[in-house]
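Subject: Handing over the structure

Hi there,

Here is the structure I promised to pass on to you. Have a look at it first, and then read on for what turned up in it.

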Amino acid sequence: MDQITTLSQMADIVPPEAPVWWPTILLIVIGLLLISGGFIWKFRKNQPTTRSSQSQLEKIEKQWQTGELDDRLTAYWLASILRHHWNLPSLPATPPLMLTIDKQEWCKTVEQLNTLRYKNGTHQQITLDLFKTIKQWLKNSENLT
């Protein structure tokens, strides 16, 4: 047999089709985007909300100065800002470990806020110094992050 006859008797060899990679690549890209989005969301969620806390504080201060808020309600809002800013369930008697502030000043502020919030007929009033102190704490925590 000659070579031409042998080749004519052989079946045609059809190579397999090239694999289609785009669905796999698309799934990998979507997965990476979801994972990175989750990390970014978690990272941003754990960051202190300094700017929003400061803007809320300024808004409360203006409402207090114009008389829209009384001292008791203002004390509630100030305590709420401090708690939410540092993710505290309540205001502790001692400053949280993450804060590098004067312990006596923290105790004095917490006591003043608690007195205004929970005791009726108190003669204690909120002063601008309280707002200045809280503004400074928020500003200092912004510098730490």
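A residue is called buried when its relative accessible area is under 20%, exposed when that area is over 50%, and partly exposed in between. Glu61 has a relative accessible area of 11%, so this residue counts as buried. Please keep in mind that what you see is a predicted model.

**The overall picture**

The protein chain has 6 helices and 0 strands. Reading along the sequence, you will meet the pattern α-α-α-α-α-α. The chain has 145 residues, and 26% of them count as buried. About 11,000 Å² of the protein chain is exposed, with 60% of that supplied by carbon and sulfur atoms. Among contacts with a separation of 6 or more, 59% are between residues 24 or more positions apart.

**Glu61 and Leu128**

Back to Glu61, which sits in helix 3. Setting aside residues up to four places away in sequence, Glu61 touches Leu128, Phe131 and Lys135.

Leu128 belongs to helix 6. Is Leu128 buried or partly exposed? Its relative accessibility is 38%, so Leu128 counts as partly exposed. Beyond its neighbours within four places in sequence, Leu128 is in contact with Glu61, Trp64 and Gln65. Leu128 and Trp64 are 64 residues apart along the chain, and their C-alpha atoms are separated by 10.0 Å.

**Aromatic pairs**

How many aromatic pairs does a search of the whole structure find? The search gives 3. One of them joins Trp64 and Phe131: this pair is tilted, with 5.2 Å from centre to centre and 40 degrees between the planes. Trp64 lies in helix 3 (residues 50–66) and Phe131 in helix 6 (residues 128–144), so the pair ties together parts that are 67 residues apart in sequence. Both partners are buried: Trp64 has a relative accessible area of 17%, and Phe131 is at 0% relative accessibility.

Tyr76 and Tyr118 form another aromatic pair, with ring centres 6.2 Å apart. Why is this pair edge-to-face? The planes of the two rings are at 90 degrees, and planes over 60 degrees apart count as edge-to-face. This pair also links distant parts of the chain, with Tyr76 in helix 4 and Tyr118 in helix 5 (residues 103–118), 42 residues apart. Tyr76 counts as partly exposed at 33% relative accessibility, while Tyr118 counts as exposed at 53%.

**Helix 4 and a pocket**

Helix 4 covers residues 71–85, which makes 15 residues. From its first C-alpha to its last, helix 4 reaches 21 Å, close to the 21 Å expected at 1.5 Å a residue. Its buried residues are Thr74, Ala75, Leu78, Ala79, Ser80, Ile81, Leu82 and His85. As you look at that list, it helps to know that an α-helix has 3.6 residues a turn, so residues three or four places apart point the same way. Just after helix 4, Asn87 takes a positive phi of about 50 degrees.

Which residues line the second largest pocket? They are Gln56, Lys59, Ile60, Gln63, Leu69, Trp77, Ser80, Ile81 and His84. Helix 3 and helix 4 each supply at least two residues of this lining. The space in the second largest pocket comes to about 190 Å³.

**Helix 5 and Thr133**

Helix 5 has 16 residues, which should span 22 Å at 1.5 Å a residue. The end C-alpha atoms of helix 5 are 22 Å apart, in agreement with that expectation. The buried residues of helix 5 are Trp106, Thr109, Val110, Gln112, Leu113, Thr115, Leu116 and Arg117.

Finally, please find Thr133 in helix 6. Where does Thr133 fall, buried or exposed? Its relative accessible area is 16%, so Thr133 is buried. Not counting residues up to four places away in sequence, Thr133 touches Glu105 and Thr109. You have already met Thr109 among the buried residues of helix 5.

Enjoy exploring the structure!

Best wishes

Notes: Residues numbered from 1 in each chain as written. Predicted model: local features only at pLDDT ≥ 70, side-chain atom pairs only at ≥ 80, totals over all residues. Heavy atoms only, no water. Helix = DSSP H or I, 4+ residues; strand = E, 2+ residues; numbered from the N terminus. Buried < 20%, exposed > 50% of the residue type's maximum accessible area, 1.4 Å probe, protein only. Contact = heavy atoms within 4.5 Å. Areas by Shrake-Rupley, 256 points an atom, 1.4 Å probe, with all protein chains shown as cover. Expected span 1.5 Å × (residues − 1). Phe/Tyr/Trp six-rings, centres within 6.5 Å; stacked < 30°, edge-to-face > 60°. 1 Å grid on protein atoms, 1.4 Å probe; cavity = no way out; pocket = protein on both sides within 12 Å on 5 of 7 lines; lining within 4 Å. Points joined across faces, edges and corners; volume = space filled by probe spheres on them.
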